[in-house]
Amino acid sequence: MKKFTAVFAASLMASTLASADPVDDTLVVNGDLEIVTRTEAPAAVADVMDEVISGWHFRGVETRAMQADDFDNPGMIFVEQAEDVWNTADGSEGKSCADCHGASEEMAGVRPVYPKWNEDAGEVRTLEMQINDCRENRMGADKWKYTGGDMVNMTALLASVSRGMPMNVAIDGPAQSTWEAGEELYYTRFGQLELACANCHEDNYGNMIRADHLSQGQTNGFPVYRLKNTKLNAVHARFKGCVRDTRAETFAPGSPEFIALELYVASRGNGLSVEGPSVRN
């Protein structure tokens with residue numbers, strides 16, 4: 001049975017893949033903010049690819065144009081909603097995010113370094129984990145659902161104020177063991193189809209499967225507004241969907257497995273500009 005499913009998966013990919021190179025284009029947001037969407041591969045992946053490429057290059061003309069103008073980017077509506085929340089007091093302490101951090105623009109530079117090691121907590125934390133820590137322990141407010149609307153909106157706001165800044169996730173020191181766990185997960189085959197992340201996003205990026213491009217699966221554009229489901233999508237929601245599509249029992253958003261995977265995948269895109277909220281199919 002195992003041999004059959006492996007052969008079936010290989011046959012499925014072979015029958016549905018068609019070559020389609022990433023487009024040659026430059027992303028300039030609002031006419032003045034140039035985004036680095038292709039750059040030399042960081043050391044983490046230099047042995048398997050020469051260049052890392054944003055998922056923006058694998059989209060059609062109209063989708064790419066949406067992201068180039070905030071008035072056309074549907075994800076910016078949710079950024080505006082998060083801005084209101086940023087300035088609104090919540091919880092038993094009667095504090096807003098702005099009371100501690102100032103204007104949201106003061107958070108520029110935060111998104112590019114997450115996930116990151118938190119010395120006090122003794123763990124690698126994602127941006128979502130840090131937001132909930134602030135809500136619970138600084139504001140006395142309820143935690144948000146890991147991939148819920150309030151959370152993904154807030155991460156989109158924090159991404160938006162760092163657009164154009166290079167991803168710079170640290171993977172050494174105490175974060176190394178988590179990074180290594182993520183690397184192992186990236187190359188692990190899952191489900192009845194026995195597919196790993198690498199089978200699509202390393203071995204076959206630039207190809208088309210069914211009616212869609214396969215990208216390198218970079219995370220610099222998250223949260224992502226997907227035209228497919230007309231909402232912002234968190235990176236762990238995308239991980240969950242990918243594992244599910246291998247016909248496997250998937251991990252939960254915020255699980256140790258997905259935290260490790262996010263750290264590893266984020267490091268593969270070091271040097272690419274933060275784009276969030278980006279627009280994808």
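Biologist: How many aromatic pairs does the structure hold?

Modeller: Keep in mind that this is a predicted model. A pair of aromatic rings is described by the distance of the centres and the angle of the planes. Going by that, the number of aromatic pairs in the structure is seven.

Biologist: Thanks! What kind of pair do Phe251 and Phe258 make?

Modeller: Their ring centres are 5.6 Å apart, which falls within the 6.5 Å allowed for a pair. The planes meet at 80°, and an angle over 60 degrees counts as edge-to-face. So the arrangement of Phe251 and Phe258 is edge-to-face.

Biologist: And is Phe258 buried or exposed?

Modeller: Its partner Phe251 has a relative accessible area of 21%, so Phe251 is partly exposed. For Phe258 the relative accessibility is 0%, and anything under 20% falls in the lowest class. Phe258 is therefore buried.

Biologist: Which residues form one aromatic cluster?

Modeller: Here the rings belong to one tryptophan and three tyrosines. The cluster is made of Trp179, Tyr186, Tyr187 and Tyr264.

Biologist: Which ring has the charged end of Arg64 over it?

Modeller: The charged end of Arg64 is 5.6 Å from the centre of that ring, and the limit for such a contact is within 6 Å. The ring in question is that of Trp56.

Biologist: Let's turn to the pockets. Which element gives the most to the lining of the largest pocket?

Modeller: This pocket holds about 1200 Å³ of space. Its lining has 41 residues, and the closest to the centre are His201, Leu214, Arg238, Cys242 and Asp245. Several elements supply at least two lining residues each, among them helix H1 (2–16), helix H9 (235–245) and helix H10 (256–268). With seven residues, the element that gives the most is H9.

Biologist: How many residues of that lining, in the largest pocket, are charged?

Modeller: In the lining of the largest pocket, 20 residues are nonpolar and eleven are polar. The number of charged residues there is ten.

Biologist: Which element gives the most to the lining of the second largest pocket?

Modeller: The second largest pocket has about 290 Å³ of space. Of its 18 lining residues, the closest to the centre are His101, Met107, Gln130, Ile131 and Cys134. Helix H4 (97–101), helix H5 (127–139) and helix H6 (149–160) each supply at least two residues. The one that gives the most, with seven residues, is H5.

Biologist: How many residues in the lining of the second largest pocket are nonpolar?

Modeller: That lining includes three polar and two charged residues. The nonpolar residues number 13.

Biologist: What about closed spaces: which elements give two or more residues to the lining of the largest cavity?

Modeller: The structure holds one cavity of 30 Å³ or more, and the largest cavity has a volume of about 140 Å³. Among its 13 lining residues, the closest to the centre are Arg111, Glu128, Phe222, Val235 and Glu262. By class, the lining has eight nonpolar, two polar and three charged residues. The elements that give two or more residues are H5 and H10.

Biologist: Cysteines always catch my eye. How many disulfides does the structure hold?

Modeller: A disulfide is a covalent bond between the sulfur atoms of two cysteines. The closest cysteine sulfur to that of Cys100 is in Cys134, 7.2 Å away, so the two are too far apart for a bond. Cys197 is likewise in no disulfide, with the nearest cysteine sulfur, that of Cys242, 6.9 Å away. The number of disulfides is zero.

Biologist: Which residue precedes Pro115 across a cis peptide bond?

Modeller: Most residues other than glycine have a negative phi, and most peptide bonds are trans. Pro115 is in the loop between H4 and strand E6 (116–118). The bond leading into Pro115 is cis, with omega near 0°, and the residue before it is Tyr114.

Biologist: What is omega for the cis bond that joins Phe222 and Pro223?

Modeller: Pro223 lies in the loop between E9 and E10. For the cis bond from Phe222 to Pro223, omega is about -5°.

Biologist: Last one: is Thr230 buried or exposed?

Modeller: Thr230 is a residue other than glycine with a positive phi, near 50°, and its place is the loop between E10 and strand E11 (231–233). Its relative accessible area is 52%, and the exposed class starts over 50%. Thr230 is therefore exposed.

Technical notes
Residues numbered from 1 in each chain as written. Predicted model: local features only at pLDDT ≥ 70, side-chain atom pairs only at ≥ 80, totals over all residues. Heavy atoms only, no water. Phe/Tyr/Trp six-rings, centres within 6.5 Å; stacked < 30°, edge-to-face > 60°. Buried < 20%, exposed > 50% of the residue type's maximum accessible area, 1.4 Å probe, protein only. Lys NZ or Arg CZ within 6 Å of the ring centre and 35° of its normal. 1 Å grid on protein atoms, 1.4 Å probe; cavity = no way out; pocket = protein on both sides within 12 Å on 5 of 7 lines; lining within 4 Å. Points joined across faces, edges and corners; volume = space filled by probe spheres on them. Helix = DSSP H or I, 4+ residues; strand = E, 2+ residues; numbered from the N terminus. Nonpolar A, V, L, I, M, F, W, Y, C, P; charged D, E, K, R; others polar. Disulfide = S-S within 2.5 Å.
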